[in-house]
Amino acid sequence: MWPDAPLLEYLTWLDEPAQPVGKERWFIPAALLPNDLQRQDSPQGHFDCGLAHGIPGPLAALALTWLAGYRYPGLHESIAYLGNWVVEHQIHKEWGIDWPGSGPFEHASLSRDWKSLSATRPAWCYGTPGVARI
């Protein structure tokens with residue numbers, strides 16, 4: 001059925017349901033953040049919420065795989081898990097629903113802390129335009 005699907009295998013592992021809150025596999029430790037400003041803003045690391053660089057990108061890839069008719073063990077569960085994560089980590093602003101560019105580790109497990117984050121710039125890669133594309 002799936003003789004060799006390393007990318008799909010990796011993405012379903014990355015997004016496997018029931019990961020401990022704040023310890024999801026797509027968490028980026030501070031040492032791996034690309035610049036000093038991000039390390040200063042997120043000294044314990046962060047979760048990237050952009051379509052281009054964050055977890056909405058793998059969610060989009062998995063959803064398109066499903067829509068194309070492919071079935072793989074854990075695919076549906078991974079899509080549901082990530083979809084729920086993205087929805088749970090939305091923020092509400094005066095113009096509606098949005099997402100921060102990233103969420104620091106220390107805000108990851110408490111909804112009220114996550115909701116206090118600022119929205120990011122509206123673009124295809126971040127915020128509502130990018131996430132809504134999924």
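Which helix gives the most residues to the lining of the second largest pocket? The answer is α4, with four residues. The model shown here is predicted, and the paragraphs below go through its pockets, its surface, its salt bridges and some single residues.

The second largest pocket holds about 220 Å³ of space. It is lined by 14 residues, and those closest to its centre are V21, E24, W85, E88 and H89. Two helices, α4 (75-88) and α5 (111-115), each supply at least two residues of this lining. Sorted by class, the lining of the second largest pocket has six nonpolar, six polar and two charged residues.

The largest pocket contains about 360 Å³ of space. Its lining is made of 18 residues, of which Q38, H46, G101, S102 and Y126 are the closest to the centre. Three elements give two or more residues to this lining: α2 (36-41), β1 (46-48) and β4 (102-104). Among the elements, α2 gives the most to the largest pocket, with three residues. By class, the lining of the largest pocket divides into eight nonpolar, seven polar and three charged residues.

Helix α2 also carries a salt bridge. General chemistry gives the background: side chains of opposite charge can pair when their charged atoms come close. How many salt bridges does a search of the whole structure find? It finds two. One of them joins D36 to R39, with the closest N and O atoms 2.6 Å apart. Both D36 and R39 belong to helix α2, and they are three residues apart, about one turn of the helix. The two partners fall into separate accessibility classes. D36 counts as exposed because its relative accessibility is 57%, and the cut-off for exposed is over 50%. R39 has a relative accessible area of 28%, so it is partly exposed.

Another salt bridge links E16 and R25, and here the closest N and O atoms are 2.9 Å apart. E16 counts as partly exposed because its relative accessibility is 36%. R25 counts as partly exposed too, because its relative accessibility is 31%.

The next stop is the surface. L7, Y10 and W13 form a nonpolar patch there, and together they have about 350 Å² of accessible area. Of these residues, Y10 can be placed in helix α1, which covers residues 6-14. Y10 has 41% relative accessibility and therefore counts as partly exposed.

In the loop between α1 and α2 lies A18. Its backbone deserves a look, and a general rule helps here. Most residues other than glycine have a negative phi. A18 is not a glycine, yet it has a positive phi of about 70 degrees. A18 counts as exposed because its relative accessibility is 72%.

Is G45, in the loop between α2 and β1, buried or exposed? G45 is buried, because its relative accessible area is 0% and the cut-off for buried is under 20%. Between the C-alpha atoms of G45 and L14 there are 17 Å, and the two residues are 31 residues apart along the chain.

F47 is located in strand β1. With a relative accessible area of 0%, F47 is therefore buried. How far apart in space are F47 and G101, C-alpha to C-alpha? They are 8.7 Å apart, with their positions 54 residues apart in sequence. G101 has already appeared, as one of the residues closest to the centre of the largest pocket.

The last residue to visit is Y70, in the loop between α3 (56-67) and α4. Y70 is partly exposed, because its relative accessible area is 46%. The C-alpha atoms of Y70 and W99 are separated by 29 Å, and these residues are 29 residues apart along the chain.

Terms used. Residues are numbered from 1 along each chain as its sequence is written. This is a predicted model: local features need pLDDT of at least 70, side-chain atom pairs count only at pLDDT 80 or more; totals for chains, interfaces and linings use all residues. Side-chain values use heavy atoms; hydrogens and water are left out. On a 1 Å grid over the protein atoms alone, a cavity is a set of points where a 1.4 Å probe fits but cannot get out, and a pocket is an open set with protein on both sides within 12 Å along at least five of seven lines; lining residues have an atom within 4 Å of a point. Grid points are joined across faces, edges and corners, and a volume is the space filled by probe spheres set on the points. Ala, Val, Leu, Ile, Met, Phe, Trp, Tyr, Cys and Pro count as nonpolar, Asp, Glu, Lys and Arg as charged, and the others, Gly among them, as polar. Patches are made of residues with over 30% relative accessible area and no salt bridge: like charges are joined within 9 Å, nonpolar side chains (Val, Leu, Ile, Met, Phe, Trp, Tyr) within 5 Å. Accessible areas come from the Shrake-Rupley method with a 1.4 Å probe; for residues, only the protein chains shown count as cover. A salt bridge is a side-chain nitrogen of Lys or Arg within 4 Å of a carboxyl oxygen of Asp or Glu. Buried means under 20% relative accessible area, exposed over 50%, partly exposed in between (1.4 Å probe, protein chains only).
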